[in-house]
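Let's take a walk through this model, one piece at a time. Have the viewer open and follow along.

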Amino acid sequence: MNKSVSIQPSRLRRKAAIAQKKFSLFQSRYGAAHLALLYQAAFPVALTPDLLYRLWANFQRDIQGNFLYIPWIAVSDILLSELCQEVGDALYEIDETVRDQLLLQLQADQRFGQRRVQELSDFLLDYVQDQLQSNDLDVQDFARAQRWTALAHTQPGYAGRELALNFQSLMSGSAETVHQNKIELVRMAALVATLATPLSAAGLSSLVEYARGVSGWVRGDRTSNSTANSTSN
């Protein structure tokens, strides 16, 4: 037990060190203007070239109205950097450890702060509105994840209720039905893990723990099995 407990923090420290090195290399190579876009690019849970370009086009000023002078090439520089990983067709994710730090810096930076978080949330909700009605289920899933991300940072109670109801729906019905929902359950659990910081800060740590239990249950972790079942009942 002691050995397994000690391994996990060590692994996390190595992961954090690697992420910090990648961020430092990006910072030294590109400078402040690129960083201004990178901070804001960390707000969505995932990026497409179109989404990042629209962020670049819509957020060229800080909250005081000062120009940030972000070059258009910053869009491709970010997507092609080691900070981003292509996880689908023209779909990118920023390294999770780096993204968490970028969001903290976005909120701490006097040029942005909570006001920019609200502006980014409003922008993202508007951006995905039409996509929520798409006939393409993958597009719908992407839009829902972005919507919950936006709400988690500005209306966490509302986001938490929607997420909990979605879990309840997926865990209801026959054993066969729940089994068919396993892929979606894993996706939902991963999203909640990504949103753990704003949700926990809003007093929704029980939802984060439940999502972790569901993820373990789907993967066959018996210790998590009872947690998922008891919470869903």
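We'll go from one helix and its surroundings to a helix pair, then to two loop residues. Keep in mind that this is a predicted model.

Start with helix 10, which covers residues 182–194. Its 13 residues reach 18 Å from the first C-alpha to the last, close to the 18 Å expected at 1.5 Å a residue. Which of its residues are buried? They are Glu-184, Leu-185, Met-188, Ala-189, Leu-191 and Val-192. Look down the axis of helix 10 and these buried residues fall within an arc of 160 degrees, so they line one face of the helix. That fits the usual geometry: an α-helix has 3.6 residues a turn, so residues three or four places apart point the same way. The cover over the buried residues of helix 10 includes helix 7, helix 8, helix 9, helix 11 and helix 12.

Two of those covering helices also pack on each other. Helix 7 and helix 8 sit at an angle of about 140 degrees, with their axes 6 Å apart. That angle makes helix 7 oblique to helix 8, because the roughly antiparallel label is kept for angles over 145 degrees. On the helix 7 side, the contact involves Arg-144, Arg-147, Trp-148, Leu-151, Ala-152 and Thr-154. They meet Pro-156, Tyr-158, Ala-159, Glu-162, Leu-163 and Asn-166 of helix 8. By class, that contact has seven nonpolar, two polar and three charged residues.

Now for the loops. Tyr-69, between helix 3 and helix 4, has a positive phi near 55 degrees despite not being glycine. With 66% relative accessibility, Tyr-69 counts as exposed. Ala-90, in the loop between strand 1 and strand 2, also has a positive phi, near 60 degrees. At 31% relative accessibility, Ala-90 counts as partly exposed.

How values were computed. Residues are numbered from 1 along each chain as its sequence is written. This is a predicted model: local features need pLDDT of at least 70, side-chain atom pairs count only at pLDDT 80 or more; totals for chains, interfaces and linings use all residues. Side-chain values use heavy atoms; hydrogens and water are left out. Helices (H or I, at least four residues) and strands (E, at least two) are DSSP runs, numbered from the N terminus. The expected span of a helix is 1.5 Å times one less than its number of residues. Buried means under 20% relative accessible area, exposed over 50%, partly exposed in between (1.4 Å probe, protein chains only). The arc is that of the directions from the helix axis to the C-beta atoms. Contact means heavy atoms within 4.5 Å. Axes are lines fitted to C-alpha atoms, for helices over the stretch in contact, and angles run from 0 to 180 degrees between N-to-C directions. Angles under 35 degrees count as roughly parallel, over 145 as roughly antiparallel, 65 to 115 as roughly perpendicular and the rest as oblique. Ala, Val, Leu, Ile, Met, Phe, Trp, Tyr, Cys and Pro count as nonpolar, Asp, Glu, Lys and Arg as charged, and the others, Gly among them, as polar.
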